[in-house]
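Biologist: Hi, I'm new to this one. Could you put it up and walk me through it?

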Amino acid sequence: MNIDGNRPQQRLLAFDTSTSSLAVAVMENGTLLAEQNIHAERNHSAYLVTAIEKALEAAGITKQELDGIAVGVGPGSYTGIRIAVTTAKTLAWALKIPVFGISSLEATALGAWAKETGQDTAALGAYALGDRSRVADATAESSAAAGTTASAREHWIIPLVDARRGQVYTALFSAQDNTLTHRLEQDGIRLMDRWIEQLAELLQTYAPEDRPEGIWIVGDVALHEAAAEALRPLMGDRLHIVSYELEGIWMGIAGTARSRSGAGDDVHAIEPNYTQLAEAEAKRLRNA
(Lines give C-alpha, C1' and ligand atoms only; values in the text may rest on other atoms or scores of the structure.)
Protein backbone atom coordinates (compact mmCIF):
# COMPACT_ATOMS: atom_id res chain seq x y z
CA MET A 1 0.00 0.00 0.00
CA ASN A 2 1.00 3.62 -0.23
CA ILE A 3 2.30 5.13 3.00
CA ASP A 4 -0.94 6.87 3.99
CA GLY A 5 -2.84 3.59 3.48
CA ASN A 6 -5.69 5.17 1.53
CA ARG A 7 -5.67 2.89 -1.54
CA PRO A 8 -4.06 -0.35 -2.71
CA GLN A 9 -0.82 -0.02 -4.64
CA GLN A 10 -1.45 -0.20 -8.36
CA ARG A 11 0.42 2.58 -10.19
CA LEU A 12 4.18 2.31 -10.24
CA LEU A 13 6.87 4.55 -11.71
CA ALA A 14 10.01 2.58 -12.54
CA PHE A 15 13.35 3.77 -13.89
CA ASP A 16 17.00 2.80 -14.28
CA THR A 17 20.11 4.75 -15.27
CA SER A 18 22.83 2.22 -14.44
CA THR A 19 24.11 1.93 -18.04
CA SER A 20 24.03 4.01 -21.21
CA SER A 21 20.34 3.09 -21.53
CA LEU A 22 17.93 5.36 -19.67
CA ALA A 23 14.77 3.33 -19.07
CA VAL A 24 11.51 4.68 -17.62
CA ALA A 25 8.10 3.00 -17.32
CA VAL A 26 4.71 3.71 -15.78
CA MET A 27 2.84 0.55 -14.76
CA GLU A 28 -0.67 -0.15 -13.55
CA ASN A 29 -1.50 -3.55 -12.06
CA GLY A 30 1.43 -5.15 -13.88
CA THR A 31 0.50 -3.62 -17.25
CA LEU A 32 2.63 -1.05 -19.05
CA LEU A 33 0.93 2.34 -19.49
CA ALA A 34 3.87 4.21 -21.03
CA GLU A 35 7.65 4.05 -21.25
CA GLN A 36 10.63 6.11 -22.34
CA ASN A 37 13.84 4.38 -23.50
CA ILE A 38 16.74 6.67 -24.37
CA HIS A 39 20.33 5.86 -25.27
CA ALA A 40 21.79 8.71 -23.25
CA GLU A 41 25.52 7.78 -23.23
CA ARG A 42 25.42 8.04 -19.42
CA ASN A 43 24.39 11.73 -19.54
CA HIS A 44 21.31 10.81 -17.55
CA SER A 45 21.13 13.93 -15.40
CA ALA A 46 20.13 15.89 -18.50
CA TYR A 47 17.30 13.56 -19.48
CA LEU A 48 15.86 11.65 -16.51
CA VAL A 49 13.39 14.19 -15.12
CA THR A 50 12.10 15.04 -18.60
CA ALA A 51 11.75 11.35 -19.47
CA ILE A 52 9.75 10.76 -16.28
CA GLU A 53 7.46 13.69 -17.06
CA LYS A 54 6.90 12.47 -20.63
CA ALA A 55 6.11 8.94 -19.48
CA LEU A 56 3.61 10.18 -16.90
CA GLU A 57 1.98 12.46 -19.46
CA ALA A 58 1.71 9.60 -21.97
CA ALA A 59 0.21 7.39 -19.26
CA GLY A 60 -2.36 10.08 -18.46
CA ILE A 61 -1.55 10.32 -14.75
CA THR A 62 0.19 12.77 -12.44
CA LYS A 63 2.94 12.16 -9.90
CA GLN A 64 0.35 12.53 -7.15
CA GLU A 65 -1.51 9.48 -8.50
CA LEU A 66 1.49 7.18 -8.15
CA ASP A 67 1.50 4.49 -5.48
CA GLY A 68 5.17 3.57 -5.54
CA ILE A 69 8.55 3.96 -7.22
CA ALA A 70 10.88 1.18 -8.38
CA VAL A 71 14.47 2.18 -9.06
CA GLY A 72 17.43 0.30 -10.44
CA VAL A 73 20.17 0.34 -7.79
CA GLY A 74 22.87 -1.15 -9.99
CA PRO A 75 25.48 -2.41 -10.24
CA GLY A 76 26.71 -0.36 -13.17
CA SER A 77 27.82 3.21 -13.79
CA TYR A 78 28.73 4.90 -10.50
CA THR A 79 27.30 8.27 -11.57
CA GLY A 80 24.28 6.79 -13.33
CA ILE A 81 23.14 4.73 -10.35
CA ARG A 82 23.55 7.69 -8.02
CA ILE A 83 21.36 9.89 -10.25
CA ALA A 84 18.54 7.32 -10.31
CA VAL A 85 18.61 6.53 -6.60
CA THR A 86 18.76 10.20 -5.58
CA THR A 87 15.83 11.04 -7.87
CA ALA A 88 13.79 8.09 -6.54
CA LYS A 89 14.44 9.01 -2.92
CA THR A 90 13.48 12.64 -3.54
CA LEU A 91 10.23 11.72 -5.29
CA ALA A 92 9.27 9.06 -2.75
CA TRP A 93 9.87 11.42 0.16
CA ALA A 94 7.96 14.30 -1.47
CA LEU A 95 5.01 12.12 -2.51
CA LYS A 96 5.03 9.99 0.66
CA ILE A 97 4.99 6.72 -1.28
CA PRO A 98 7.18 3.58 -1.03
CA VAL A 99 10.41 3.17 -2.95
CA PHE A 100 11.65 -0.26 -4.03
CA GLY A 101 15.28 -0.89 -4.92
CA ILE A 102 15.64 -3.34 -7.81
CA SER A 103 18.78 -5.04 -9.10
CA SER A 104 19.56 -3.58 -12.52
CA LEU A 105 21.08 -6.93 -13.49
CA GLU A 106 17.86 -8.73 -12.55
CA ALA A 107 15.76 -6.44 -14.73
CA THR A 108 18.27 -6.78 -17.59
CA ALA A 109 18.20 -10.57 -17.34
CA LEU A 110 14.40 -10.59 -17.33
CA GLY A 111 14.10 -8.22 -20.27
CA ALA A 112 16.66 -9.89 -22.53
CA TRP A 113 15.38 -13.41 -21.88
CA ALA A 114 11.71 -12.43 -22.25
CA LYS A 115 12.32 -10.53 -25.46
CA GLU A 116 14.53 -13.16 -27.09
CA THR A 117 12.29 -16.09 -26.17
CA GLY A 118 9.03 -14.31 -27.04
CA GLN A 119 7.53 -14.33 -23.55
CA ASP A 120 4.08 -12.83 -23.15
CA THR A 121 4.26 -9.53 -21.27
CA ALA A 122 0.67 -9.86 -20.02
CA ALA A 123 1.49 -13.23 -18.46
CA LEU A 124 4.68 -11.89 -16.87
CA GLY A 125 2.86 -8.83 -15.52
CA ALA A 126 0.18 -11.08 -14.04
CA TYR A 127 2.85 -13.35 -12.56
CA ALA A 128 4.49 -10.30 -10.96
CA LEU A 129 1.15 -9.47 -9.33
CA GLY A 130 0.66 -13.05 -8.13
CA ASP A 131 -2.51 -13.30 -10.22
CA ARG A 132 -2.29 -16.92 -11.32
CA SER A 133 -5.66 -16.89 -13.11
CA ARG A 134 -4.45 -14.04 -15.33
CA VAL A 135 -1.19 -15.92 -15.93
CA ALA A 136 -3.12 -18.97 -17.13
CA ASP A 137 -5.40 -16.91 -19.36
CA ALA A 138 -2.52 -14.93 -20.89
CA THR A 139 -0.42 -18.06 -21.39
CA ALA A 140 -3.27 -19.91 -23.11
CA GLU A 141 -4.00 -16.93 -25.35
CA SER A 142 -0.36 -16.39 -26.40
CA SER A 143 0.25 -20.13 -26.91
CA ALA A 144 -2.86 -20.45 -29.08
CA ALA A 145 -1.80 -17.49 -31.19
CA ALA A 146 1.70 -18.92 -31.65
CA GLY A 147 0.59 -22.54 -31.99
CA THR A 148 2.95 -23.60 -29.20
CA THR A 149 2.83 -24.78 -25.60
CA ALA A 150 4.73 -23.36 -22.64
CA SER A 151 7.94 -25.19 -21.77
CA ALA A 152 8.79 -26.30 -18.25
CA ARG A 153 12.49 -26.54 -19.10
CA GLU A 154 14.80 -24.17 -17.29
CA HIS A 155 16.89 -21.46 -18.92
CA TRP A 156 19.90 -19.75 -17.38
CA ILE A 157 20.40 -16.03 -17.93
CA ILE A 158 23.75 -14.30 -17.33
CA PRO A 159 23.51 -10.49 -17.60
CA LEU A 160 26.70 -8.53 -18.25
CA VAL A 161 27.62 -4.90 -17.72
CA ASP A 162 31.18 -4.12 -18.75
CA ALA A 163 33.36 -3.00 -15.83
CA ARG A 164 36.59 -2.60 -17.81
CA ARG A 165 39.92 -4.44 -17.51
CA GLY A 166 38.28 -7.76 -18.38
CA GLN A 167 35.75 -7.42 -15.58
CA VAL A 168 31.95 -7.48 -15.67
CA TYR A 169 29.11 -6.78 -13.29
CA THR A 170 27.17 -9.99 -13.51
CA ALA A 171 24.95 -12.56 -11.81
CA LEU A 172 23.14 -15.79 -12.67
CA PHE A 173 19.38 -16.26 -12.95
CA SER A 174 17.07 -19.04 -14.08
CA ALA A 175 13.61 -18.83 -15.64
CA GLN A 176 10.89 -20.91 -17.25
CA ASP A 177 8.19 -19.83 -19.71
CA ASN A 178 5.80 -17.21 -18.32
CA THR A 179 7.59 -16.88 -14.99
CA LEU A 180 9.94 -14.25 -13.64
CA THR A 181 13.65 -14.86 -13.13
CA HIS A 182 14.93 -16.70 -10.07
CA ARG A 183 18.31 -15.74 -8.66
CA LEU A 184 21.03 -18.42 -8.56
CA GLU A 185 24.11 -16.23 -7.94
CA GLN A 186 24.40 -12.79 -6.35
CA ASP A 187 25.28 -9.58 -8.19
CA GLY A 188 29.00 -8.94 -8.20
CA ILE A 189 32.01 -7.79 -10.17
CA ARG A 190 33.91 -10.73 -11.64
CA LEU A 191 36.73 -11.38 -14.08
CA MET A 192 34.90 -12.56 -17.18
CA ASP A 193 37.31 -15.38 -18.00
CA ARG A 194 37.14 -16.80 -14.49
CA TRP A 195 33.35 -16.37 -14.36
CA ILE A 196 32.93 -18.44 -17.54
CA GLU A 197 35.24 -21.09 -16.08
CA GLN A 198 33.05 -21.28 -12.97
CA LEU A 199 29.90 -21.60 -15.08
CA ALA A 200 31.52 -24.34 -17.16
CA GLU A 201 32.48 -26.21 -14.00
CA LEU A 202 28.89 -25.92 -12.78
CA LEU A 203 27.47 -27.18 -16.07
CA GLN A 204 29.78 -30.19 -16.01
CA THR A 205 28.12 -31.36 -12.80
CA TYR A 206 24.97 -31.99 -14.87
CA ALA A 207 24.47 -34.79 -17.38
CA PRO A 208 24.14 -33.28 -20.90
CA GLU A 209 20.41 -34.03 -21.03
CA ASP A 210 19.86 -32.30 -17.67
CA ARG A 211 21.58 -29.04 -18.61
CA PRO A 212 19.46 -25.92 -19.18
CA GLU A 213 17.28 -25.67 -22.25
CA GLY A 214 19.22 -22.53 -23.08
CA ILE A 215 21.93 -20.30 -21.68
CA TRP A 216 21.54 -16.61 -22.46
CA ILE A 217 24.53 -14.31 -22.01
CA VAL A 218 23.04 -10.85 -22.43
CA GLY A 219 23.79 -7.14 -22.10
CA ASP A 220 27.25 -5.70 -22.77
CA VAL A 221 28.51 -8.69 -24.73
CA ALA A 222 30.61 -6.98 -27.43
CA LEU A 223 33.90 -7.08 -25.50
CA HIS A 224 33.23 -10.46 -23.91
CA GLU A 225 31.88 -12.65 -26.70
CA ALA A 226 35.13 -14.58 -27.15
CA ALA A 227 35.19 -15.51 -23.46
CA ALA A 228 31.50 -16.47 -23.53
CA GLU A 229 32.10 -18.82 -26.46
CA ALA A 230 34.04 -21.10 -24.10
CA LEU A 231 30.64 -22.50 -23.08
CA ARG A 232 29.85 -23.55 -26.67
CA PRO A 233 31.38 -27.05 -26.41
CA LEU A 234 29.05 -27.77 -23.46
CA MET A 235 25.88 -26.16 -24.85
CA GLY A 236 26.16 -26.10 -28.64
CA ASP A 237 23.37 -24.10 -30.24
CA ARG A 238 21.64 -23.76 -26.88
CA LEU A 239 24.17 -21.00 -26.04
CA HIS A 240 22.86 -17.56 -27.00
CA ILE A 241 25.01 -14.43 -26.80
CA VAL A 242 22.81 -11.36 -27.22
CA SER A 243 23.48 -7.63 -27.01
CA TYR A 244 20.71 -5.98 -25.02
CA GLU A 245 19.89 -2.60 -23.47
CA LEU A 246 17.41 -2.50 -20.59
CA GLU A 247 13.88 -1.28 -21.40
CA GLY A 248 11.55 0.37 -18.92
CA ILE A 249 8.83 -2.28 -18.95
CA TRP A 250 11.14 -4.88 -17.43
CA MET A 251 12.18 -2.65 -14.57
CA GLY A 252 8.44 -2.02 -14.17
CA ILE A 253 7.55 -5.72 -14.03
CA ALA A 254 10.42 -6.48 -11.64
CA GLY A 255 9.29 -3.56 -9.49
CA THR A 256 5.69 -4.77 -9.56
CA ALA A 257 6.79 -8.14 -8.19
CA ARG A 258 8.83 -6.49 -5.46
CA SER A 259 5.98 -4.14 -4.53
CA ARG A 260 3.74 -7.07 -3.62
CA SER A 261 5.51 -7.10 -0.24
CA GLY A 262 3.77 -3.78 0.47
CA ALA A 263 6.58 -2.27 2.53
CA GLY A 264 9.25 -0.46 0.55
CA ASP A 265 12.86 0.27 1.42
CA ASP A 266 13.71 2.93 3.96
CA VAL A 267 13.72 6.08 1.85
CA HIS A 268 16.69 7.41 3.83
CA ALA A 269 18.66 4.16 3.83
CA ILE A 270 18.30 2.91 0.25
CA GLU A 271 21.69 3.12 -1.45
CA PRO A 272 23.20 2.31 -4.85
CA ASN A 273 24.86 -1.07 -5.22
CA TYR A 274 28.22 0.10 -6.49
CA THR A 275 29.76 -3.39 -5.94
CA GLN A 276 33.17 -1.75 -5.94
CA LEU A 277 34.54 1.69 -5.21
CA ALA A 278 34.39 4.20 -7.99
CA GLU A 279 37.77 4.45 -9.73
CA ALA A 280 38.40 7.98 -8.44
CA GLU A 281 37.66 6.92 -4.87
CA ALA A 282 39.86 3.82 -5.17
CA LYS A 283 42.70 5.96 -6.50
CA ARG A 284 42.26 8.42 -3.64
CA LEU A 285 42.49 5.64 -1.10
CA ARG A 286 45.58 4.15 -2.78
CA ASN A 287 47.31 7.54 -2.61
CA ALA A 288 46.21 8.29 0.96
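Modeller: Here is a short tour, from the overall make-up to a few single residues. Keep in mind that this is a predicted model.

Biologist: Okay, overall first. How many helices and strands does the protein have?

Modeller: There are 10 helices and 10 strands. The protein has 288 residues, and buried ones make up 50% of them.

Biologist: And what share of the contacts with a separation of 6 or more comes from residues 24 or more positions apart?

Modeller: That share is 68%.

Biologist: Let's zoom in. Where is Asp16 found?

Modeller: Asp16 is in strand S1, which covers residues 11-16.

Biologist: Is Asp16 buried or exposed?

Modeller: Buried: Asp16 has a relative accessible area of 1%, and the cut-off for buried is under 20%, so Asp16 falls in that class.

Biologist: Which side chains does the side chain of Asp16 make polar contacts with?

Modeller: One polar contact, at 2.8 Å, joins the side chains of Asp16 and Ser18. Another, at 2.5 Å, joins those of Asp16 and Ser104.

Biologist: What else does Asp16 touch, not counting residues up to four places away in sequence?

Modeller: Besides Ser104, the list has Ser21, Leu22, Ala23, Gly72, Leu246 and Met251.

Biologist: Leu246 caught my eye. What is Leu246 in contact with, leaving aside neighbours within four places in sequence?

Modeller: Asp16 again, plus Ser21, Ala23, Asn37, Ala107, Thr108 and Met251. Leu246 also belongs to the largest nonpolar core, where it is among the residues with the most contacts inside that core. The others named there are Leu124, Ile157, Trp250 and Ile253.

Biologist: How many residues are in that largest core, and which element gives the largest share?

Modeller: The core has 35 residues. Helix H3 supplies the largest share of this core, with 7 residues. A second, separate core has 30 residues, including Val24, Ala40, Leu66 and Val71.

Biologist: Why would nonpolar side chains be together like that?

Modeller: As a general tendency in soluble globular proteins, nonpolar side chains are buried together.

Biologist: Back to H3. At what angle do H3 and H9 pack?

Modeller: Helix H3 (residues 104-117) and helix H9 (residues 248-259) pack at about 115°, and their axes are 9 Å apart. The crossing of H3 past H9 is right-handed.

Biologist: Which residues meet there?

Modeller: From H3 you get Ser104, Ala107, Leu110, Gly111 and Ala114. From H9 they meet Trp250, Met251, Ile253 and Ala254. Sorted by class, that contact has 7 nonpolar residues, 2 polar ones and no charged ones.

Biologist: New topic: the backbone. Where is the cis peptide bond?

Modeller: The bond from Gly74 to Pro75 is cis, with omega near 5°. Pro75 lies in the loop between strand S4 (68-72) and helix H2 (78-95).

Biologist: Which residues have a positive phi although they aren't glycine?

Modeller: Arg165 is one, with a phi of about 55°, and Asn178 is another, with a phi of about 60°. For background, most residues other than glycine have a negative phi, and most peptide bonds are trans.

Biologist: Where does Arg165 lie, and where is Asn178 found?

Modeller: Arg165 lies in the loop between strand S6 (155-162) and strand S7 (167-175). Asn178 is in the loop between S7 and strand S8 (182-191).

Biologist: Buried or exposed, those two?

Modeller: Arg165 counts as exposed, at 63% relative accessibility. Asn178, in contrast, is buried, with a relative accessible area of 8%.

Biologist: Last one: what about Gln10?

Modeller: Gln10 is in the segment before S1. Gln10 is partly exposed, having a relative accessible area of 30%. Leaving aside neighbours within four places in sequence, Gln10 is in contact with Met27, Glu28, Asn29 and Asp67.

Biologist: And how far apart are Gln10 and Leu66?

Modeller: In sequence, 56 residues; in space, 8.0 Å from C-alpha to C-alpha. Leu66 is also one of the residues in that second core.

Methods:
Residues numbered from 1 in each chain as written. Predicted model: local features only at pLDDT ≥ 70, side-chain atom pairs only at ≥ 80, totals over all residues. Heavy atoms only, no water. Helix = DSSP H or I, 4+ residues; strand = E, 2+ residues; numbered from the N terminus. Buried < 20%, exposed > 50% of the residue type's maximum accessible area, 1.4 Å probe, protein only. Polar contact = N/O pair within 3.5 Å; in protein donor to acceptor, adjacent residues only side chain to side chain. Contact = heavy atoms within 4.5 Å. Axes fitted to C-alpha atoms, helices over the stretch in contact; angles between N-to-C directions. Left-handed = near helix turned anticlockwise from the far one by under 90°. Nonpolar A, V, L, I, M, F, W, Y, C, P; charged D, E, K, R; others polar. Core = buried A, V, L, I, M, F, W, Y, C linked by side-chain atoms within 4.5 Å.
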